[in-house]
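Please open the structure in your viewer, with residue labels switched on and a colouring by confidence at hand. The tour moves from one selection to the next and says what is to be found at each stop.

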Amino acid sequence: AHWQLTSGYLIGPGADLASATLSNANLRNADLANTNLAGADLTGATLFGVQSGGITGTPHALPTAGPHGNAQWQLIDGYLIGPGADLAGANLTYANLTGTDLTGANLSGANLAGVSGAAKYNSATILPAGFDPDAAGWTLVS
């Protein structure tokens, strides 16, 4: 597992980051799988390429990011979802993705069966084989 020291916190899979102050932290490509983010402040944090799943606790604040209306990052079914997120292999079955910005996200191998809600994606978004974003009501943005 890949661990990193950021803003005085040891970041890696399964870390307890409850009430951590990670505002403006560079968490690019961090592995936050099974991490406790209860009360954590991620305002302004860089989450591009972040891996997640199994996240517990509700963060106090998540960053806004992306060129398309500064969409708020979201925690959905234990995954951090936003522009450039690494969601390869994620199980998002029946997830409500209303208002999510998946531009540049990696969804290869993700299970998107039954997803609902209009998500935004672009040509850099890597979609799972056989998934039709138009049929799912997603919006292609540039």
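Begin by selecting W3, L5 and L10, which together form a nonpolar patch on the surface with about 350 Å² of accessible area. Within this patch, W3 belongs to the segment before β1, the strand that covers residues 4–6, and W3 is partly exposed, its relative accessible area being 38%.

Before going further, colour the chain by pLDDT, since this is a predicted model. The average over the chain is 93, and 94% of the residues score at least 70. Among the elements of the chain, the lowest mean pLDDT, 91, is that of β1, whereas the highest, 97, is that of strand β4, residues 79–81. As a general caution, predicted coordinates should not be read in detail where pLDDT is low.

From β4, follow the chain into the loop between β4 and β5 and select T100, which lies there. Is T100 buried or exposed? With a relative accessibility of 1%, T100 counts as buried. Show its side chain together with the backbone of L97, and you will find that the side chain of T100 reaches the backbone oxygen of L97 at 2.8 Å.

Next, turn to the aromatic residues, for which a search of the whole structure finds two pairs. One of them joins Y121 and W138, with 6.1 Å from centre to centre and 55° between the planes, a geometry that is classed as tilted. Why does this pair tie together separate parts of the chain? Y121 lies in strand β5 (residues 120–121), while W138 lies in the loop between β5 and β6 (139–140), so the contact connects parts that are 17 residues apart in sequence. Both Y121 and W138 are buried. Add F131 to the selection to see the cluster into which ring pairs link Y121, F131 and W138.

For the last stop, stay in the loop between β5 and β6 and select S123, which is placed in that loop. In contrast to the buried Y121 and W138, S123 is exposed, with a relative accessible area of 77%. Finally, select A38 as well and draw a distance between the two C-alpha atoms: S123 and A38 are 85 residues apart along the chain, and their C-alpha atoms are separated by 34 Å.

Key
Residues are numbered from 1 along each chain as its sequence is written. This is a predicted model: local features need pLDDT of at least 70, side-chain atom pairs count only at pLDDT 80 or more; totals for chains, interfaces and linings use all residues. Side-chain values use heavy atoms; hydrogens and water are left out. Rings of Phe, Tyr and Trp (its six-membered ring) pair if their centres lie within 6.5 Å; planes under 30 degrees apart count as stacked, over 60 as edge-to-face and the rest as tilted. Helices (H or I, at least four residues) and strands (E, at least two) are DSSP runs, numbered from the N terminus. Buried means under 20% relative accessible area, exposed over 50%, partly exposed in between (1.4 Å probe, protein chains only). Patches are made of residues with over 30% relative accessible area and no salt bridge: like charges are joined within 9 Å, nonpolar side chains (Val, Leu, Ile, Met, Phe, Trp, Tyr) within 5 Å. Accessible areas come from the Shrake-Rupley method with a 1.4 Å probe; for residues, only the protein chains shown count as cover. A salt bridge is a side-chain nitrogen of Lys or Arg within 4 Å of a carboxyl oxygen of Asp or Glu. pLDDT is the predictor's confidence in each residue, from 0 to 100. A polar contact is a pair of N or O atoms within 3.5 Å; within protein, one must be able to donate a hydrogen and the other to accept it, and residues adjacent in sequence count only if both atoms are side-chain atoms.
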